[in-house]
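Consider the following model and work through it from the interior outwards. The paragraphs after it take up the core, then the surface, then a few local details of the backbone.

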Amino acid sequence: MPLPDSPSLGIVGAGRIGTALAWGLARKGYAVAAAASRSLGSAEKLAAGIPGCRATTDAQALASGVDLVILTVPDDAIAPVCAGLRWRAGQAVVHCSGATELSALAPAASAGALTGGFHPLQMFTDPETALRGLPGCTIALEAESPLRETLVRMAEALGCHTLRLPPGTRALYHAGAGYVAAFVNALVKDAIAVWSPLGLTEADAIRALLPLLRGTADSIERSGPALGMAGPASRGDLGTMEKHVRALAALDPQLLDLYRRLALRTVALGVERGSLSPEKAAALRALLG
C-alpha cells in the first residue's frame, strides 16, 4: 500500500535531531502532527515551533494517528520503543540512527508496517544551527519501495543529497563517517597538545588550526584525498618528517606512536597521487615503521 505523497508525520524523541528534522520538514510543507517524548516539556518545545503540532508523552497515541513515525530516540532505545507500540499495515516507521540495522524495527514490519532508515550525515547542535547546515548534506536512506520514494522526497525537500545503504552495512557506514567527525575532534585535541610548548591557549590554537582544517576540506572537495593532500609525505620530504619524529619523541611517545601510524597512511596517498618515487616511499616507510 503506497503512502500518501505528503504523509502526516509524528516524531518520537524530541532531542536535537528530532527537533531539527521536525522543524525543517514542517517549513517545507509536511504535516508534522505530533511530537512525543518522555519529557512533556521537550515535546512542547519541539511542538511550539510548528503550528498545529501536538505535544504528548503518549507515543502510542502519536503512532496511531499518523502515516509515518520518525524515531529519533537514542540507538539503544529504538528496538524497545518499536516493540512497545502497536503498528498497522500500510503505515511506516523509520529510525534516524546511523549504525542500527532495520532489524530493530522488526515488530513493526511483522505487523505490516513499512520500515526504513533516515540518517542525516550532519552534526546536530541546536536545532536552528542544524537546520542551516542541512541543505547540501547527505541523508543515508535504507528502505524498499514505496517507502524509499517517500524518504527521497523528504530528503530533497530539505535540500539534501541521498545515499542508499545496502542491508547489513550500517555499522561500516557509521564507522566511516566517524573518521571525519569524532576522530577529527581527537586529532585537533592532539594537535593542541603538540603545540603545548609554544605557550598558546587552547582558544589561540583552535583559531590558528581551523582555517587549515577548512582548507583541507576544500582541497579534498576539489581534488579528492590523494591529489588534495599537502604536507611532507606529498613532497617526499624525508628531512622534515625526521624532524617531526625527533620532536615528538622528546615531547610524548604516545603522540609519536599515533603520528607514525597516521603518517604511514599519508605515504600511501603520496604514492597514489604519483608524487613519491618508490625509493622515497620506501625511505619514509622505514622511518615511520
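Two residues are in contact here when they have heavy atoms within 4.5 Å of each other. By that rule, and leaving aside residues up to four places away in sequence, Ile70 touches Leu9, Gly10, Ile11, Val12, Leu25, Val94, Cys96 and Met154. The model is a predicted one, and Ile70 is a useful place to enter it. Ile70 is among the residues with the most contacts inside the largest nonpolar core, along with Leu46, Leu68, Phe118 and Leu151. That core has 37 residues. Its largest share, 6 residues, comes from helix 1. Apart from this core lies another, of 19 residues, which includes Ala36, Ala63, Leu71 and Trp87.

The chain around these cores has 289 residues, of which 40% count as buried. Its secondary structure comes to 14 helices and 8 strands. The C-alpha atoms fill a box of roughly 70 × 40 × 30 Å along the principal axes. Among contacts between residues at least 6 apart in sequence, 57% join residues at least 24 apart.

Helix 1 covers residues 16-27. How far apart should its ends be? With 12 residues at 1.5 Å a residue, the helix should span 16 Å, and its end C-alpha atoms are 17 Å apart, which agrees. Helix 1 is largely enclosed by the rest of the structure, because 9 of its 12 residues are buried. The buried ones are Gly18, Thr19, Ala20, Leu21, Ala22, Trp23, Gly24, Leu25 and Ala26. Leu25 is also one of the residues that Ile70 touches. Just after the helix, Gly29 takes a positive phi of about 100°.

A second backbone detail is found between Ser145 and Pro146, which are joined by a cis peptide bond with omega about 5°. Pro146 sits in the loop that runs between strand 7 (138-143) and helix 7 (147-157). As background to both details, most residues other than glycine have a negative phi, and most peptide bonds are trans.

Turning to the surface, the chain exposes about 14,800 Å², and carbon and sulfur atoms supply 59% of that area. Part of the surface is a nonpolar patch formed by Tyr179, Val180 and Phe183, which together have about 370 Å² of accessible area. Val180 belongs to the loop between helix 8 (170-179) and helix 9 (182-194). Is Val180 buried or exposed? Its relative accessibility is 68%, so Val180 counts as exposed, the cut-off for that class being over 50%.

The structure also holds 7 salt bridges. One of them joins the side chains of Arg207 and Asp204, with N to O at 2.6 Å. Both residues lie in helix 10 (residues 202-227), and because they are 3 residues apart they are separated by about one helical turn. Arg207 is exposed, with a relative accessible area of 57%, whereas Asp204 is partly exposed at 28%.

Another salt bridge links Asp257 with Arg261, and here the closest N and O atoms are 2.9 Å apart. These two are 4 residues apart in helix 13 (residues 253-273), so about one helical turn separates them. Asp257 is partly exposed at 39% relative accessibility, and Arg261 is partly exposed with a relative accessible area of 49%. An α-helix has 3.6 residues a turn, so residues three or four places apart point the same way.

A further salt bridge pairs Asp237 with Arg235, their closest N and O atoms being 3.7 Å apart. Asp237 is partly exposed, with a relative accessible area of 25%, while Arg235 counts as exposed at 51%.

Helix 13 also holds Leu256. At 9% relative accessibility, Leu256 counts as buried. What does Leu256 touch, not counting residues up to four places away in sequence? Its contacts on that count are Val245, Leu248 and Ala249. The C-alpha atoms of Leu256 and Arg246 are separated by 8.9 Å, the two residues being 10 apart along the chain.

Key. Residues are numbered from 1 along each chain as its sequence is written. This is a predicted model: local features need pLDDT of at least 70, side-chain atom pairs count only at pLDDT 80 or more; totals for chains, interfaces and linings use all residues. Side-chain values use heavy atoms; hydrogens and water are left out. The expected span of a helix is 1.5 Å times one less than its number of residues. Buried means under 20% relative accessible area, exposed over 50%, partly exposed in between (1.4 Å probe, protein chains only). A nonpolar core is a set of buried Ala, Val, Leu, Ile, Met, Phe, Trp, Tyr and Cys residues joined through side-chain atoms within 4.5 Å. Patches are made of residues with over 30% relative accessible area and no salt bridge: like charges are joined within 9 Å, nonpolar side chains (Val, Leu, Ile, Met, Phe, Trp, Tyr) within 5 Å. Accessible areas come from the Shrake-Rupley method with a 1.4 Å probe; for residues, only the protein chains shown count as cover. A salt bridge is a side-chain nitrogen of Lys or Arg within 4 Å of a carboxyl oxygen of Asp or Glu.
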